[in-house]
Amino acid sequence: MAHYDAIFKNGTIVNQDGTHLADIGVRGGLIAALGSLGAATADVVTDCAGLHILPGVIDTQVHFREPGLEHKEDLATGSLAAVMGGVTAVFEMPNTNPLTVTREAFADKIARASGRMHCDFAFFIGGTHENVGELPELERMPGCAGVKVFMGSSTGSLLVADDDGVGSILRVISRRAAFHSEDEYRLEERKPLRIPDDPRSHPVWRDPEAALRSTRRLVALAHKYGKRIHVLHISTAEEMVFLAGHKDVATVEVTPHHLTLDETAYVRLGTFAQMNPPVRDAAHRAGIWAGVDNGVVDVLGSDHAPHTIEEKRKPYPSSPSGMTGVQTLVPIMLDHVNAGRLTLERFVDLSSAGPARIFNIARKGRIAAGYAADLTIVDLKRRQTITNAWIASKSPWTPYDGVAVTGWPVGTVLRGTPVMWEGELVAPAGGRPVEFLETLAS
């Protein structure tokens with residue numbers, strides 16, 4: 001009789017091969033068996049009757065603010081928010097203080113995360129004018145998700161606004177690089193269009209042309225140097241149409257807030273709806289959904305970028321851009337599933353299989369023998385209201401406060417061990433660096 005460390009029984013598995021009832025047997029943190037395991041025994045058996053079991057959700061864009069801005073968030077609180085929302089792994093961004101642009105800064109982040117983060121983790125290395133020569137080695141460090149470049153919406157050395165600078169980075173790297181794509185030159189020209197104390201002017205300043213112009217430049221450079229690019233948080237319908245013609249080099253991320261909110265959010269939420277690139281009107285939101293429907297979009301990222309309530313209450317444009325999102329990614333998207341805007345299988349493709357495919361993640365992204373037993377267990381029928389009180393971030397607010405959704409994360413499982421179950425943290429911090437096929441030790 002087979003014996004396992006853990007069995008998750010009677011659940012409906014949603015996977016690359018469809019949706020079906022099956023049990024999952026786990027040994028040594030890996031999936032060892034799938035199917036009917038009724039005769040098997042296990043140290044721990046979890047009954048998942050009535051629940052759907054998804055491959056662990058991977059959020060490929062978060063800002064956890066450590067080091068340097070820990071009053072907003074830190075690696076422990078950000079990862080707690082992740083697992084409370086059903087997320088099993090995150091990719092964290094380099095705009096910390098100091099910037100994550102050197103071997104020493106990267107190693108410091110890995111050290112800070114080890115033993116403190118509740119989910120698995122990877123960190124992007126920032127690409128700058130100054131560190132170009134080191135990027136071929138930096139991008140291959142274990143735990144590195146790749147190179148991140150800010151073509152707009154950043155300051156100091158992390159901003160690479162010019163084509164020569166972006167080209168010099170693309171010329172030397174070999175992995176897929178991620179880009180914040182807004183044209184810094186146009187943003188500077190249009191700054192006078194900001195209206196004091198009126199966040200509705202934010203998408204007027206950072207207009208669709210600023211995004212499209214930058215993305216056109218970026219794609220041309222990717223073709224010139226024959227390199228892979230990942231364009232983050234697409235916010236315009238025009239970019240989605242353009243990128244459909246360049247899937248040879250470009251993969252595409254969208255965010256739940258660009259799929260959910262529109263320009264009415266500025267009236268309702270004020271500066272709490274302010275982020276970069278901006279939430280735009282309903283026509284752009286429809287264009288982003290079209291990219292989900294026709295397969296142009298590869299992944300979802302929350303772009304979790306917390307600021308304190310006090311900071312967000314500052315009058316525009318002194319108010320910072322960014323909102324929390326890692327904890328609400330799963331329930332917001334499950335609500336879209338229940339509303340018929342996408343299938344549950346497409347959500348799995350965007351949140352686990354897609355990240356694994358485009359970033360070459362080892363042993364994650366599907367429920368299959370030999371893969372890590374990372375699972376997001378959800379109740380598709382549960383009706384629940386998102387509240388600020390539920391948010392575990394150090395900046396405890398959400399633009400979805402008071403929003404009722406259908407579909408809720410019940411359990412977050414890391415390597416066969418439940419970390420969150422029914423809204424409670426049930427295991428100590430055990431996150432590990434994500435392994436990539438392009439960074440595996442020889």
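This passage describes a helix pair, the nonpolar cores and some backbone features of a predicted model.

Packed helices make a convenient starting point. Two packed helices are described by the angle between their axes and the distance between the axes. For helix 7 (residues 208-225) and helix 8 (residues 237-244), the axes come within 9 Å and cross at roughly 15 degrees. Helix 7 is therefore roughly parallel to helix 8, since angles under 35 degrees fall in that class. The handedness of this crossing is right-handed. On the side of helix 7, the contact is built from Pro 208, Ala 211, Leu 212, Thr 215, Arg 216 and Val 219. Helix 8 contributes Glu 238, Glu 239, Phe 242 and Leu 243. Sorted by character, the residues of this contact comprise 6 nonpolar, 1 polar and 3 charged.

Leu 243 of helix 8, part of that contact, turns up again in the interior of the model: it is among the residues with the most contacts inside the largest nonpolar core. This core has 71 residues, and Val 90, Met 117, Phe 179, Ile 229, Val 254 and Phe 347 are also listed among its most connected members. Val 90 offers a helpful view of the surroundings. Beyond its neighbours within four places in sequence, Val 90 is in contact with Asp 59, Val 62, Phe 64, Ala 82, Met 117, Cys 119, Asp 120, Phe 121, Ala 122 and Val 326. A second core, separate from the one above, has 17 residues, including Tyr 266, Met 323, Ile 332 and Trp 397.

The backbone holds some features worth a look as well. Most residues other than glycine have a negative phi, and most peptide bonds are trans. Against that background, the peptide bond from Asn 97 to Pro 98 is cis, with omega near 5 degrees. Pro 98 sits in the loop that links strand 7 (87-92) and helix 2 (103-113). Asn 276 and Pro 277 are likewise joined by a cis peptide bond, here with omega about -10 degrees. The loop between helix 10 (264-269) and helix 11 (282-293) holds Pro 277.

Positive phi values occur at Ser 153, near 60 degrees, and at Asp 303, near 50 degrees. Ser 153 belongs to the loop between strand 9 (144-150) and helix 4 (163-172), while Asp 303 is found in the loop between strand 13 (299-300) and helix 12 (309-312). Ser 153 counts as partly exposed because its relative accessibility is 23%. Asp 303, at 6% relative accessibility, counts as buried, the cut-off for buried being under 20%.

Terms used
Residues numbered from 1 in each chain as written. Predicted model: local features only at pLDDT ≥ 70, side-chain atom pairs only at ≥ 80, totals over all residues. Heavy atoms only, no water. Axes fitted to C-alpha atoms, helices over the stretch in contact; angles between N-to-C directions. Helix = DSSP H or I, 4+ residues; strand = E, 2+ residues; numbered from the N terminus. Parallel < 35°, antiparallel > 145°, perpendicular 65-115°, else oblique. Left-handed = near helix turned anticlockwise from the far one by under 90°. Contact = heavy atoms within 4.5 Å. Nonpolar A, V, L, I, M, F, W, Y, C, P; charged D, E, K, R; others polar. Core = buried A, V, L, I, M, F, W, Y, C linked by side-chain atoms within 4.5 Å. Buried < 20%, exposed > 50% of the residue type's maximum accessible area, 1.4 Å probe, protein only.
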